[in-house]
Each structure stands twice: as C-alpha cells, then as structure tokens.
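This report covers one protein and its nucleic acid partner. Please keep the sequence and the structure at hand while reading.

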Amino acid sequence: MIKNWIREKLIKTLDKMGIEEIPDFKIEIPLNNFGDYSSNIAFLLSKKLKQNPRNIALDISKHLDDKDYFNKIEVAGPGFLNFFLNEKVYSEFLFFEYENPQYWKKASNIRVLFEFASVNPTGPITIGHGRQAVYGDVLCNIFQTRGHSVEREIYLNNAGRQIRLLGRSLWVRYNNLFKNNYDIPEGGYKGEYLIQTAEKLKDEIKDKFVDKWDSSIADFFNQYAFEAMFEGMKETFDNLSIKFNNIFKEKSLVDDGSVDKVLKELKEKNLTYESEGALWFKVSKFKDEKDKVLIRSDGYYTYYLTDIAYHINKYNRNYEKAYDIFGADHVGHLDRMYAALDAFDIPESFLIFILHQYVNLKKNGEIIKMSTRAGNFETLDDLVTAVGKDATRYFFARFDPDTQMLFDIDLAKQKTNENPVFYVQYAHARISNIFKNAAEKNILFDEIPVIKNLSSEEEKNLIKEIDRFEEILDSILIDYKINKLTNYLESLASFFHSFYSKHIIVDENDIKTTKERLALCKAVQNTLKGGLSLLGVSAPENM
RNA sequence: GUCCCCAUAGUUCAACGGAUAGAACAGCGGAUUCCUAAUCCGCAGAUGAAGGUUCGAUUCCUUCUGGGGAUACCA
C-alpha cells in the first residue's frame, strides 16, 4: 500500500532525526490541493518536543529528501505535511497490482465460527431477517478473504416452547380444513402460510389426525411444521446465495445430554437454586444482572439454558473465536451469556457479540411493525423476487449496522434503478466494453507497460482509490461496519466514471498511452470485481 | 426509572479527532459526429440543543430533547 510506504519513510526519517517514541500518526488522502497524501504527525509531536507543529513539519520535510519518489513535500496550514508523489510510485503500485491480481487475499490461518440468521423456524423469513442474513454473509466473506478460516453456522430453536405452539397452530389450521373450529393458541402463529402447510399435510395424511390430539400427535405436528418452515428458510437463503457450513439444531443438545450435563455441573458448583417452581442460575454472582431462569415451572427449558450448552459446544470445537450476530433485541443476552461462560471457565474473549439495529418498514407511506406471530410481515422472498438478488444484497449491506434503517417497500420494489448497485456494476461493465473495443482495434493488452503518461488528476485519483481497498477491508475486521465496502465501491466507481468521461482510453494514434490506461482500467475492474464478490453481488460484463 | 444503539441536505445514507462536512434520489441548468447517457459537468441545500476537553469536534465527555431496543418462567 502506498500509505504504508509513506509511513515507513516517515518513521525512518524521524529515527534519523533522533526522535523516539513515535506516536500513532495518520496518513490521509486530503482534499483538493493538499497533496496526494498528507500526515498529521507534526501535531502529535508538538507537545512532546515543545515546539510548534509548523516548525516540526518543516524540519521533517527537510530530512525527508527522496527526490526519486516525492516531487514535492509541503508544509501547509498549522502543520500538515503534504506529499506530492512522483508518477513512479503509482507506476510501481499498478505493476504490483497487475502481478498479483488478488493481492488482497490472505491465507486463512485463524479458525473462527460465525453464527448468524438464527431466526426461529416458525414462519417465512422476513425482510427484517434479511438484513442479518446478508450482513452475516458479507462479514464472513470479508473475514475469509483477510486471513480467517470461517465457518458459517445457523442455530435452529426446535426444542422449546414455540415449536410446540407452532405445531399446535398447524394442527388448528389442519382441522379448520375439515370445518372443525379450533382457536389458535395464545402466543401461537396466525400467519396464512400455515394454511398452505396444512393443505399440503392434508394431501399427505388425509383425515388421520382430525379431532385427535395427544403427545405423540403433537410431536408429529411439531416435527412436520418445523421441517416445512425450515425448507422454506433454506429456499429463501438459497435465492440470496447464502449458504451455511453447519446447521445446528437446538434439539440435538437436549437429545445428546449436553443440556443435562450443563445443569448437573451448575448444580455441583452451587450456581443454581429453585424458586417459585423454576430453576434459576445465579447470574448476579458474575455480572451486575438479575438471575435468570433455566427451567420454567412448567418444565420447559429456556432458550438461555440450551444456549449455554450450545456455546460450550462451540468452545469445545476449538475455534479461535466465535462470533454471534444478533439483532438489537439481544442486548440483554450478552452479560448473561458471559456470566455462563465464566461459570465454565471459558474466557470472555472467546465469544464476540455483533449486534445490529432493526429494519423499520414503510408501506403506503406508513411505518409498520412486523410480527411473525401476528402474521403481519413482508417476506424476504417477495423482495428478492421483485428487485433481484444483487439489489437486495447490496441494499442491506449499505447501511451502518448500528443504525436503524427505514425501508420503504414500495419504493424498493418499484424503482430498482435507485439502487447504487447499478452504478457500481455499470462501471465494471463499461470496462469490459473498453477491452472489447481495444481488441477490435487490435490493441492487445498483454503485459503491463511502464507507466509514464498517467499524470492527470483523474488517473492519480483512481490509483490512490484502488490502493485503499485493503485498508477498507481491514478496518471492517475491527468495527464490523460492512457499509464501508459499499461506500468504497461507489467512490471507486465514481472516480472511474469521471475519468472515463474526460479521457479517451482506446486511441489508435497513441498506443503507448492507450496501453497504460488499459492497465489502469484492468486494475479498477479487478478491484470492483473483488469488492462485488465479497458482497455476493455479480459483476456483469454487459448491462 | 435504569441500561444499550441512534440523531447530519426535502429524503435515504457517508465522513480512523483534521484543512472548504461527501454521495445518491428528488429540484434547477448544461453535455452525446468519438470506448454503453444505467454516465458526466454545474447550481441550490445539512451536523437536534446547551456546555466541556483540544492547536482543531459531526466524531470524545456531561446534561437535555427526540426515535428504537432491553429491563420475561419470549427467543
């Protein structure tokens, strides 16, 4: 990276000047005429050296004399160091890019687990869930490409209370088909999708369970409903190209005794007690939180209990780290989970929670609340059908996970051209076309030329922008804000479109410059393609 | 009440504590004998309020206001 190269030059220079303990300074791409790159180092040194920043900057600029690479080093304003680079630097970077087409990919050596999209399998995936599914998938892609061996896992709650409510709700719908009126239970699922499932079931078993109900019939309905819902989920994820390495079912933890083992150990450690007929875990012993129920007074295990067993299971699978991606409603879950891990001597650093805010939907100009239970929601499938996979994925990836997003459904479904994904894709397609055009004129792009004529603002901007790619990816590893990637691609595309409209790229009268510009186009295209592929969005040759 | 996120242009979003707060859409005005006008160029338009820290604050701290979430024997 060019930035790192300047950073090293600066550090060496400071060393030469006898300055020790160099603070963590910045190299930035400044606005307008403040050079190609600039640094704030002088401000940070000013306190220590008890000099005004301007003088320090002047001093550094005198010592940093590398005429081969810097055309000019300027001290500006209160003490910024502004670097004007020689074309040679750009040329070398482009050459490197060309020699290593996917230079941003790092070998995967850190084994991590990502859990995301663990929605309750009690109905169709909603648009709200779509945000998390896309978010998780893209984040995994970025971790994977920057040196992590990522496993994607989805956890399905198929053992607890809601699956029973779901089963019973299905049974009611099934009976309704035979004109038997039963009511959907309190807290049950009222969405119409269960009617369709009931119809399918009716075809299969006819009137076998009409007016009949016992625990084994309940098990049958629970299982049938779960499988049906899960099939639907898989299809939805498939349509968005979201795949999981592991599908982890809550029930397996009950069946293989993991949950009982957790209970036994907690009891042995004297970390549980009974109260009001329920079994509680002493969360307050570890965190400033209320104690929590593990087993309800009606005998059902809580989500919390099975989730403890689940995370112990994760830990025993020897990942370097486990990441849980949850919606904002899970904030309360964090400290409880850490308390439980603590009880089993699992370090907090093993588990990282990544929370994202909700999606608010706007329909017919009104903001609506979604509820799977009430049967009042918009499905993700409808959205994908209406606008396509690329636009859906790009749209969700585009928002800062920490902010609530307002999603205007009508707008999204109709005016798909408003989605900036097309802007980025168009830049890619345009470049493909340039190469087609060059080939038609028999200008071959075989090897990268020595860059000598790329000195316009547009060309330098493009190279600098390409150079930012790795930096953007790495910063996402730290703050998990994947919207930086879409921002970046839009910016790169914008620089390209601007360059394109000002310069003729394929020019038969100037083969030399043409080849250099083709090299630049190749690098832009390569980066666009790389970024889009991390987003799971296609990079079309034609539009 | 307490805790967690958020508040930027008419709208939807940007901006590792840096110089003149960027885009997109909407609005207004331009550009195509030449590689795709799904584009480009120009105009107009914004940091919720009040303090504080700093050479410098949209960014950090405090208070307030407004929105969302949590505070379940829901998951």
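The sections below take up the model, the surface near the RNA, the polar contacts to it, and the boundary between two domains.

## Model and domains

The model is predicted. Chain A is split into three assigned parts: domain 1 spans 2-85, domain 2 joins 96-104 with 416-535, and domain 3 joins 116-248 with 357-413. Domain 2 and domain 3 are thus each given as two segments of the chain.

## Surface near RNA strand B

There are 64 residues around RNA strand B, and those that come nearest are Lys26, Gln162, Arg296, Tyr426 and Asn433. Of the atoms of RNA strand B that come within 4 Å of the protein, 60% belong to sugar and phosphate. By residue class, the surface near RNA strand B holds 24 nonpolar, 24 polar and 16 charged residues.

Several helices and strands supply at least two residues each to this surface. The helices are helix 6 (161-176), helix 12 (331-343), helix 16 (421-440) and helix 19 (483-502). The strands are strand 4 (80-85), strand 9 (278-281), strand 10 (292-295) and strand 15 (405-408). Helix 16 gives the largest share, with 8 residues.

## Polar contacts to the RNA

Two side chains can be listed with phosphate oxygens of RNA strand B. For Tyr423, a polar side-chain atom is 2.4 Å from such an oxygen. For Ser498, the distance from a side-chain N or O atom to a phosphate oxygen is 3.2 Å. By their numbering, Tyr423 falls in helix 16 (421-440) and Ser498 in helix 19 (483-502).

A base is also approached. An N or O atom in the side chain of Arg336 lies 2.8 Å from a base nitrogen of RNA strand B. Arg336 falls within helix 12 (331-343).

## Boundary of domain 1 and domain 2

The C-alpha centres of domain 1 and domain 2 are 29 Å apart. At their boundary, 6 residues of domain 1 are in contact with 5 residues of domain 2. The two domains bury about 550 Å² between them, and carbon and sulfur atoms carry 47% of that area.

Between domain 1 and domain 2 there are 3 salt bridges. On the side of domain 1 that touches domain 2, the residues comprise 3 nonpolar, 1 polar and 2 charged. Asp36 and Lys464 form a salt bridge through their side chains, with an N to O distance of 3.7 Å. Polar contacts between domain 1 and domain 2 amount to 3 residue pairs, with both residues at pLDDT 80 or more.

Note on methods:
Residues numbered from 1 in each chain as written. Chains lettered and ligands numbered in written order. Predicted model: local features only at pLDDT ≥ 70, side-chain atom pairs only at ≥ 80, totals over all residues. Heavy atoms only, no water. Near = heavy atom within 4 Å. Polar contact = N/O pair within 3.5 Å; in protein donor to acceptor, adjacent residues only side chain to side chain. Helix = DSSP H or I, 4+ residues; strand = E, 2+ residues; numbered from the N terminus. Nonpolar A, V, L, I, M, F, W, Y, C, P; charged D, E, K, R; others polar. Domains from an automatic or database assignment. Contact = heavy atoms within 4.5 Å. Buried area = accessible area lost by both parts, 1.4 Å probe. Salt bridge = Lys/Arg side-chain N within 4 Å of Asp/Glu carboxyl O.
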